[in-house]
Amino acid sequence: MMNHYSVNQIGRKFFLTALGLAMAFLTWAQEQQVSGKVTDSAGTGMPGVSVVVKGTQRGVNTDVDGNFKIAVPSNATLVFSFVGYSPQEVAVAGRSSFNVKLAEEASALNEVVVVGYGEQKKRDITGSVSALKAADFNVGVAPSADQLMQGRAAGVQIIQNNGAPGSATTVRVRGGTSLTAGNDPLYVVDGVPLDNSVTSPGGGASQFDVGIRNNGNSNPLNFLNPNDIASMDILKDASATAIYGARAANGVVLITTKRGVKGAGKVTYDGSYGVSTLRKKLDLINAADWKAYSAANGGGAAGSGDVDVQDAVFRTGTTQNHNVGVSGGGENNSYYVSVGYFGQEGIVKGSDMNRVSARVNLQQRAINNRLVIDFGLTGSRERQKQIPGGEGGNFQGGVFAGMFKWNPTQPLINADGSFNQISTSLPNPLALIGLVDDNLTTDRILSNISAEFEITKGLKAKAFIAANSSSGIRDTYYSQQLLNYVAFGGVAYGGKANFSSYQVDYTLNYTKEVAKGHNLSALAGFSYQNFNRQFGASTTRNFLNDALGPNKLESASDFTVPSTSSRDKKEIQSYFGRVNYDYMGRYLLTATVRSDGASVFGANYKTGIFPSFSAGWRISDESFMKNQQLFSNLKLRVGYGRVGNANIDPYQSLTTVTVDPSKSAILGNEYKLGVGLSRAPNADLRWESTSSLNIGLDFAMLNNRLQGSVEVFDKTTNDLLFNVPIPQPAPFNSQLQNIGSLYNRGIEFEIKSTNIDNGKIRWTTSFNFTTLKNQVTKIREGAAFIPLASAQGAGASGAPIQITQVGYPIATFVVDPIVGYGPEVGGAATPKYGPKTGIDLIATGESLVGTGLPTMYGGISNDVKIGQFDFSLFLQYQGGNKVFNNTFYEYSRRDNIIKNGYGAVKPLYNDPETRPNTDFLEDGSFLRIGNLSVGYTIPSSVFGKTVSNARIYVSAQNLHVFTKYRGFDPGVSTQLSGSNSLGVDYLAYPLPRNIMVGLSVGF
């Protein structure tokens, strides 16, 4: 029976094979030779065009004249494709010869870019703008919107200050322009300018001075779900940013969220899950080395433990991201609705954040499309659980200070499960994590509605109203079991912050071809924006127990610590206009002016005028370029303008008073609380003014295979704002004044190349490169320099390590040079200092040891698509800068072991003078593998009609960093004592390595 069945099977297979061969022979017999020519819109033959039989791998490329010849089945369809041109499908239908004309893709030069109160085609832009669409964004874990563009745009440097979940970033567009008024760009979300000032409550019981530091502010863009963002357009020069006047000196980032489009409803899901790990462990002294070193150098007795404190503090964190979007539209309306969840565990135990967000964007058209009403609403709740690991150490310190100082021979956990707390000067990092409960909750709502009406052909009027509201609550409890807080019986801190703003804009926009080839568009507008902030904080101590903490403040018995509160308000009222003119799309002119009145400035300078002018020449459209084949686009741009920086707190120009206990008195047996003057008035206080010159050349070559731009920029900032000390005795300590000037000059280069695009493989490369030179040209009279940062840590002299000095970059280091080394003392080298300090050498112009500002930075991206698979590799780099490793300066000292019984970072260092020096000023250059991803698009045939698209992917971020820097990461920037320091690493939370898998599905 089995044999009979096998024979039948063999016979059936033979019959099917024979039938297949016969059909293949008949099909081959029906094939025919097809020839033809492919031309562009001008009728010129196009070489290298891919000609492929649809649904197969069979194909050829056209020759140098655009001709092709291929054997195809008589019922085949041919697909013609070439980079920069729209693909075209042609049915053979029995023909033996035919010609094909390919049209240029509209997505290149005709791509629409947001430019502030309007849009322009990319080909018509005369200012400096970097346009990023969703396909250009960084993939992977992106808690905030600014990280989407990190390394993707020339001239834009984004520094992730630390790796804590929800932490802030430092963003610089063509260098910093200010000492105290902020250097971050203005963010505009769907037409709403955000305020960059602090809008979240501070925290910590720092008034008890027990060394546990505040963790700093959160990222102001955390409320936005990155998955909702459709594009980010970065305005970089004054000709592009002047439409935002007094707030545009640091550049403008225009964020546009997704909208619905006409068609059937579409549902999308994007989700990912990943793990985060410590990328690099530092070489801390272990228990065996500690014992040997202490015994050999007369140190204290060792314990019996053997602790790897980094393994105890760090963990493998998880990240998950889920987003659902629904979009669609009819003839007169469209909608986009989304809900998102983002959750991230930090790589340090006890730190995490999560965000729930929702967005609605609606559009309704009426009166034959003459009336367009847009409505947008986003809401979010962000929760952060923070550790007392802020950027500070000093005598006690937080989690990271405890980690570096911990004696590895001492157990972190006692046999009974309690924390081993040796002394207040040697904090147990796990005790700080377990016994400090620090939570920040922020709710935010951003809404806007606009109505645009076409009064007559080419003339439109628009009214725009927006409201922005944020509410933050921070509850912190320091357990009475924590050794630092035993004396206080536990401490509870509660902080609240409320922020609100509203905005009203009215604009008129006129567009017309005034004569043949002469095109004109004009914009006129009025804007008013009002900002309100309110803060409050209270602290109580000496609780009955730790059970309720900040949830039941009346269970405390000590309310002697005074509560604090504040409230402020500021307003900006503006008039603005812009005119665009072009002749035949060849000669382009743009002029912009804005008048800003800001309440934060002095009585004599409430209003400023900010003009700009730019021009463009499309050389490639000239008659003498018609016969050349090299350039498909060549445009020269030049622009000049003046913008301002008004990012200061209110009331800086006025005399203010504050509570002053030193002026209190007892009058008539009654205690009267005293007040004192706290700020000197300045009626001449005005905005910082930045003038900018930009020259750029846009190009596209080899039938758009190479596209890019090169730009030269020169930004000069005058009237720098700085709090100038007032000689004492005087009723005021300082006065905010306009005291100096600086410049930023550089070159930007961007290029995108299509290396291969033959219908089977597509490989593109994007590269951007920026050089930057910064120099201070003037500071206040009588000042040799302005200090920015001082060395931190036990034994530090307090002398400045970074300054602002005329003739040098804004963040110049002045640490003392090492000229040699003395004999080793107990196995640690002893440095020898030169006769002059770093301050001396800077003052005499003899030496510049380095700056925290990079002199070059950029990114490289390679994207490959082979069939259903896609690969992406993104590299980020910077160079020319130094990093002062304050962590190693503090925790690699020999005396940490010998005199204090602490742990240390290797190699050990002996410096009896403890002077900040060049041994700890390290090269901050790096090349980072920012992202590596592999994806697979599942064929639609797998799911049928239910699923329109599906893609799975694996992505790795911060995979490796090529650098000589000894610390966790060279890309950090610790803000010391609220200064504008740059390139100082002091106990920063390390950046994690993230690996994730994801799924995107459309229905």
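Which residue stands opposite I803 in β43? Keep that question in mind as you open the viewer. You are looking at a predicted model, and this tour goes from small sheets to enclosed spaces.

**Stop 1: a sheet of three strands**

Select residues 800-804, which make up strand β42. Now add β41 (786-790) and β43 (812-813), the edge strands, each pairing on one side only. Together you have an open sheet in the order β41-β42-β43, and its pairing is antiparallel. Two bridges join β42 to β43. Find I803 and look across to β43: the residue opposite is T812.

**Stop 2: another open sheet, with mixed pairing**

Next, select residues 31-39, strand β1. Add β4 (67-73) and β7 (97-101), which are the edge strands here. The order is β4-β1-β7, and the pairing in this open sheet is mixed. Turn the view and follow the twist, which averages 30° from one strand to the next. β1 and β7 run parallel and are joined by five bridges. To see where they face each other, pick T39, which stands opposite K101 in β7.

As you look at the strands, remember a simple pattern: in a regular strand the side chains alternate between the two faces of the sheet.

**Stop 3: a long jump**

Stay for a moment at G36, then select Y986. These two residues are 950 apart in sequence, and their C-alpha atoms are 68 Å apart in space. Y986 sits in the loop between β53 (984-985) and β54. Is Y986 buried or exposed? Its relative accessibility is 0%, so Y986 counts as buried.

**Stop 4: β30 and its partners**

Move on to β30 (631-645). One partner to select is β29, residues 607-618, which runs antiparallel to β30 and is joined to it by seven bridges. Within this pair, S614 stands opposite G639. Another partner is β35, residues 688-701, which pairs with β30 in the antiparallel sense over 14 bridges. Here, look for G644 and its bridge partner S689 in β35.

**Stop 5: the second largest cavity**

Keep β30 selected and turn to the spaces inside. Rolling a probe the size of a water molecule over the atoms shows where empty space is left. The count comes to 14 cavities of 30 Å³ or more. The second largest has a volume of about 230 Å³. To find it, select D195, R247, N645, A646 and N647, which lie nearest its centre among the 21 residues of its lining. The elements giving two or more residues to this lining are β27 (564-583) and β30. β27 provides the largest share, three residues. By class, the lining holds eleven nonpolar, five polar and five charged residues.

**Stop 6: the largest cavity**

For the last stop, select Q147, Q150, Q160, R928 and L991. Of the 41 residues that line the largest cavity, these are the closest to its centre. Its volume is about 540 Å³. Now colour β11 (156-160), β47 (869-879), β50 (926-937) and β54 (992-1002), the elements that give two or more residues to its lining. You have already met β54 as one end of the loop that holds Y986.

How many charged residues does the lining of the largest cavity have? There is one, alongside 17 nonpolar and 23 polar residues.

Key. Residues numbered from 1 in each chain as written. Predicted model: local features only at pLDDT ≥ 70, side-chain atom pairs only at ≥ 80, totals over all residues. Heavy atoms only, no water. 1 Å grid on protein atoms, 1.4 Å probe; cavity = no way out; pocket = protein on both sides within 12 Å on 5 of 7 lines; lining within 4 Å. Points joined across faces, edges and corners; volume = space filled by probe spheres on them. Helix = DSSP H or I, 4+ residues; strand = E, 2+ residues; numbered from the N terminus. Nonpolar A, V, L, I, M, F, W, Y, C, P; charged D, E, K, R; others polar. Pairing = 2+ DSSP bridges. Axes fitted to C-alpha atoms, helices over the stretch in contact; angles between N-to-C directions. Buried < 20%, exposed > 50% of the residue type's maximum accessible area, 1.4 Å probe, protein only.
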